[in-house]
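The following exercises concern the predicted model shown below. Each task is followed by a solution in steps.

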Amino acid sequence: MEPQKSLLFVDDDSNLLDILKIGFERANFFVKTSLSAKDAWAILNDGFKPDLILLDMHMPNEDGSLFLHKLKGDLNYKNYKVAFLTNLRDPNEALLFIDKKFANECGACGFIRKTDDLEDIVTQVQNLLVT
């Protein structure tokens, strides 16, 4: 049996975090959540080593791209996998490649829309973890 994968969701929407936590735990993931970049840093500094960090782009005080920039600049965390999970970008499916290109240029391994069905989000995360 494959070991349980761990995730850290960073988003300022507590309702969304609750939904994601329940959905991913049902899919056999170990999940920690954070309402801010500051809290996410505390979780990481306490020794949590997630297989993937899922990060909102638009958060108060420190947005997702700044958090990712700092993470990639820190020797302790630069190899962590990070994907954006956000509504910030264009909802047009034909323009999704622009969002993915932006994520890649920032150092993220993926870009997932919050508006996707939860099952689709789980599948996208599973696919990111095998690459």
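**Exercise 1. Determine which residues Lys 70 is in contact with, leaving aside its neighbours within four places in sequence, and describe its setting.**

Solution.
Step 1. With neighbours within four places in sequence set aside, the contacts of Lys 70 are Trp 41 and Glu 62.
Step 2. Lys 70 belongs to helix H3.
Step 3. The relative accessibility of Lys 70 is 38%; partly exposed covers values between 20% and 50%, so Lys 70 falls into that class.

**Exercise 2. Classify the ring pair of Trp 41 and Phe 67, and state which parts of the chain the pair ties together.**

Solution.
Step 1. In general, two quantities describe a pair of aromatic rings: the distance of the centres and the angle of the planes.
Step 2. For Trp 41 and Phe 67 the centres are 4.9 Å apart and the planes stand at 45°.
Step 3. Planes under 30 degrees apart count as stacked and those over 60 as edge-to-face; the angle of 45° is neither, so the pair is tilted.
Step 4. Trp 41 is located in helix H2 and Phe 67 in helix H3, so the pair ties together parts that are 26 residues apart in sequence.
Step 5. Both Trp 41 and Phe 67 are buried.
Step 6. Ring pairs join these two residues with Tyr 77 and Tyr 80 in a cluster. The count of aromatic pairs comes to six.

**Exercise 3. Describe the largest nonpolar core and identify the helix that gives the most to this core.**

Solution.
Step 1. The largest nonpolar core comprises 22 residues. Those with the most contacts inside this core are Leu 8, Leu 44, Ile 53, Leu 55, Phe 67, Leu 71 and Phe 84.
Step 2. At least two core residues come from each of strand E1 (5-10), helix H2 (37-45), strand E3 (52-55), helix H3 (64-72) and strand E4 (82-86).
Step 3. The element that gives the most is H2, with five residues.
Step 4. Leu 44 illustrates the packing: not counting residues up to four places away in sequence, Leu 44 touches Leu 8, Pro 50, Ile 53, Phe 67, Leu 71, Tyr 77 and Tyr 80.
Step 5. A second core, separate from the one above, has 18 residues, including Leu 16, Leu 85, Ile 121 and Leu 129.

**Exercise 4. Establish the strand order of the open sheet, and explain why one side of E2 and of E5 is left without a neighbour.**

Solution.
Step 1. Five strands make up the open sheet, in the order E2-E1-E3-E4-E5, with parallel pairing.
Step 2. Strand E2 (29-34) and strand E5 (110-113) are at the edges and each has a single partner strand; therefore one side of each lacks a neighbour in the sheet.
Step 3. Direction ignored, neighbouring strands of this sheet are turned by 25° against each other on average.
Step 4. Helix H5 (residues 118-130) packs on the sheet and touches E1, E2, E3, E4 and E5; its direction makes about 175° with that of E5.

**Exercise 5. Follow the bridges from E1 through E3 and E4 to E5, and decide whether the residues on the two faces of E3 are buried or exposed.**

Solution.
Step 1. Four bridges pair E1 with E3 in the parallel sense; the bridge partner of Leu 7 in E3 is Leu 52.
Step 2. E3 and E4, also parallel, are joined by three bridges, and Ile 53 stands opposite Val 82 in E4.
Step 3. E4 and E5 run parallel and are joined by four bridges. In E5, Leu 85 has Ile 112 as its bridge partner, and Thr 86 has Arg 113.
Step 4. In E3, Leu 52 and Leu 54 lie on one side and Ile 53 and Leu 55 on the other; all are buried, and both faces are thus covered.
Step 5. In E5, Gly 110 and Ile 112 point one way and Phe 111 and Arg 113 the other way, and all are buried.

**Exercise 6. Characterise Asn 28 by its place in the chain, its phi value and its accessibility.**

Solution.
Step 1. Asn 28 is situated in the loop between helix H1 (14-26) and E2.
Step 2. Its phi is near 70°, a positive value in a residue other than glycine.
Step 3. The relative accessible area of Asn 28 is 39%, so this residue is partly exposed.

How values were computed
Residues numbered from 1 in each chain as written. Predicted model: local features only at pLDDT ≥ 70, side-chain atom pairs only at ≥ 80, totals over all residues. Heavy atoms only, no water. Core = buried A, V, L, I, M, F, W, Y, C linked by side-chain atoms within 4.5 Å. Buried < 20%, exposed > 50% of the residue type's maximum accessible area, 1.4 Å probe, protein only. Contact = heavy atoms within 4.5 Å. Phe/Tyr/Trp six-rings, centres within 6.5 Å; stacked < 30°, edge-to-face > 60°. Pairing = 2+ DSSP bridges. Axes fitted to C-alpha atoms, helices over the stretch in contact; angles between N-to-C directions.
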